[in-house]
Amino acid sequence: MQRRAAIYARYSTTLQSERSIEDQVELCRRYLTSEGYREVRTFEDRAKTSETLIGRVGFANLLEAASAGEIDALVVECVDRISRDAGDLHTVHKLLSYAGVEIISASEGVQSELQIGLRGFVGTVFLKDLREKVHRGMSGNIAKGLSAGGKAYGYSPIAGKPGELQVKAHEAEVICQIYKAYAEGASPRDIAHDLNARGELPPRRTKWNASTLSGNGKRGYGILRNSLYAGILVWDRVKMVRNPTTGKRVSREKPVKDWKIAEVPHLRIVEEELWDAVQRRLATQSAAKRSGKSTRNPVRPFSGLIKCGCCGGGMSIHDRNGNTIRIRCSTAKESGSCNNNGKVRLDKIESALLTELRKELSEPTYIDEFIRTYNEESRKLNAADKPDRKKLERAVAEANKLLSRRIELFEMGILEGVEGEAKLTEAKQRVSVVTDVLASFDEKEKALEFNPATASRYVTALDEMISSMQAHDGNPNPKARDAVRGLISEIVVSPTEKDGVPVEVKGRLSALVSNRSKKLGGLVVAEEGLEPPTRGL
């Protein structure tokens, strides 16, 4: 009776030719013909590693067929097509032996238990040696200031020069905008929302999110932590190991002393001062989080700054009705150890303080300072180099070429399904972005020197800042919020008096408040003025 045989073929990575499967199968068929076996089934796994059996559907189906008694022999080009892991190869040999199936190498014939053991040992050594050689080669690249692989947002490879990177102008501009916004107090979430609203393409997928920016502090991942933007190339932060239970590769952090570091000043995107400012804020946020303190941005303009005039404790929300919010002393509410039981309108306090601030900042002294700063920035902008139009034109041409190519691949069926549509959409978005950048190039005028309209611009900007601080959505502009909060150390609210609620402002804002005779409010609400602030703070 002619013996039944199955053929199994596998190749490791997408970098290998898919033709490898057909070549292996053809070699095995020649062996079966010469030895008189009858081919009953063929199994295959494409782009699957030899380090684990997990996730290899073709091989799992083969084992099921063997267990069901459908085959008498398994033929492979070489035993390492089954596995290069000694433990896995031994397990497979035991399972197939139990099922009465012999393992045959098309180049070496029937494999004995000794041969299987030797092949497993050689395969394990091969994998270890291969990893070490690849790692050594990548380390050499890092020492030369070359990339060891992977794509970093803001850079692109130089054609014909393996490992060499160049800065991508538009993405570099986006990176600088991200750093400036974060340094000025914006949260990663707010920045991500802004980037998505502008249609900026993220490094991966289709949308920016906070984690893309903040990343992982220990590993230096994330836009805000990528030292390459500061001209420092860091590699080998983690070691990849394969979980023997799941077959998945997982990363483990390596000691800092084992990291590979090289200076690449030609790849710097973020200036040192801005880089340092961002890293300081990240460190502060991390320390606050470790200590259990909230790192969230204030919900209201003066959240956390309002104190009880009797006990010095904080004041919290008592109740709210639409946009009307009343606050009271937290100590009186929680423990009853403070006698200040009054409820004060928070929205009225905010309105009174911001109205007074707007009035003071409208004085000629501040307008003059604005004009001086405006003109100084104008001169800097005028002196700066203009963007390279040719580079923008090349970017548009490359984006259109990419879109045309992906449309062609989509029509041919090579790009298909959800992934194909996503790649096509990404190419369309890239064309739109670079086209808009080029279109705006000619529309940008040099920064204007001061003219009579500049004063009105200042007033408009001031009004916009105050309006942002009074936004009912509880999400004021972060720059405006932090600028105003930087002027105030605390706001002390005392118990209600017959003619209003005494409110004392402490901090640099006190120097801006000229009305030193009014109290806030009617009986329990804030209305128009400020109690005299503490001097010299």
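Good morning. A residue is called buried here when its relative accessible area is under 20%. I begin with that cut-off because several of the residues in this talk are judged by it. The structure above is a predicted model.

Tyr8 and Phe59 are both buried. They also form an aromatic pair, one of 5 found by a search of the whole structure. A pair of aromatic rings is described by the distance of the centres and the angle of the planes. For Tyr8 and Phe59 these are 5.1 Å and 75 degrees, an edge-to-face arrangement. The pair links distant parts of the chain: Tyr8 belongs to strand 1, residues 4-10, and Phe59 to helix 2, residues 57-67, with their positions 51 residues apart. Phe59 has a further neighbour to mention, since Arg56 lies over the face of its ring at 5.4 Å from the centre.

A second edge-to-face pair consists of Tyr153 and Trp208, with 5.4 Å centre to centre and 90 degrees between the planes. Here, too, distant parts of the chain are linked, the two residues being 55 apart. Tyr153 sits in the loop between helix 4 (113-143) and strand 6 (155-157), while Trp208 sits in the loop between helix 6 (188-198) and helix 7 (210-214). Both Tyr153 and Trp208 are buried.

Elsewhere, ring pairs join Tyr155, Tyr179, Tyr229 and Trp275 into a cluster. Another charge over a ring is that of Arg281, which lies over the face of Tyr182, 4.2 Å from the ring centre.

Let me turn to the sheet that contains strand 1. It is an open sheet of 5 strands in the order 2-1-3-4-5, and its pairing is mixed. Which strands stand at its edges? They are strand 2 (38-45) and strand 5 (109-110); each has a single partner strand, so one side of each is left without a neighbour in the sheet. The partner of strand 5 is strand 4, residues 102-105, and these two run antiparallel, joined by 2 bridges. In one of the bridges, Ile104 has Val110 of strand 5 as its partner. Helix 1, residues 19-35, lies across strands 1, 2, 3, 4 and 5, and runs at about 155 degrees to strand 1.

Asp72 deserves a moment. This residue is found in the loop between helix 2 and strand 3. Is Asp72 buried or exposed? Its relative accessible area is 19%, and with the cut-off at 20% Asp72 therefore counts as buried. Leaving aside neighbours within four places in sequence, Asp72 is in contact with Arg3, Arg4, Gly100, Val101 and Glu102.

Further along the chain, strand 16 (residues 490-493) and strand 17 (residues 503-506) pair in the antiparallel sense over 4 bridges. Lys506 in strand 17 is the bridge partner of Glu490. The side chains of strand 17 alternate: Val503 and Val505 point to one face and are buried, whereas Glu504 and Lys506 point to the other face and are not.

Finally, the chain as a whole. It has 15 helices and 17 strands. Of its 537 residues, 37% count as buried. Among contacts with a separation of 6 or more, 60% are between residues 24 or more positions apart. The chain exposes about 30,700 Å², of which carbon and sulfur atoms supply 52%. Thank you.

Key: Residues numbered from 1 in each chain as written. Predicted model: local features only at pLDDT ≥ 70, side-chain atom pairs only at ≥ 80, totals over all residues. Heavy atoms only, no water. Phe/Tyr/Trp six-rings, centres within 6.5 Å; stacked < 30°, edge-to-face > 60°. Buried < 20%, exposed > 50% of the residue type's maximum accessible area, 1.4 Å probe, protein only. Lys NZ or Arg CZ within 6 Å of the ring centre and 35° of its normal. Contact = heavy atoms within 4.5 Å. Areas by Shrake-Rupley, 256 points an atom, 1.4 Å probe, with all protein chains shown as cover. Pairing = 2+ DSSP bridges. Axes fitted to C-alpha atoms, helices over the stretch in contact; angles between N-to-C directions.
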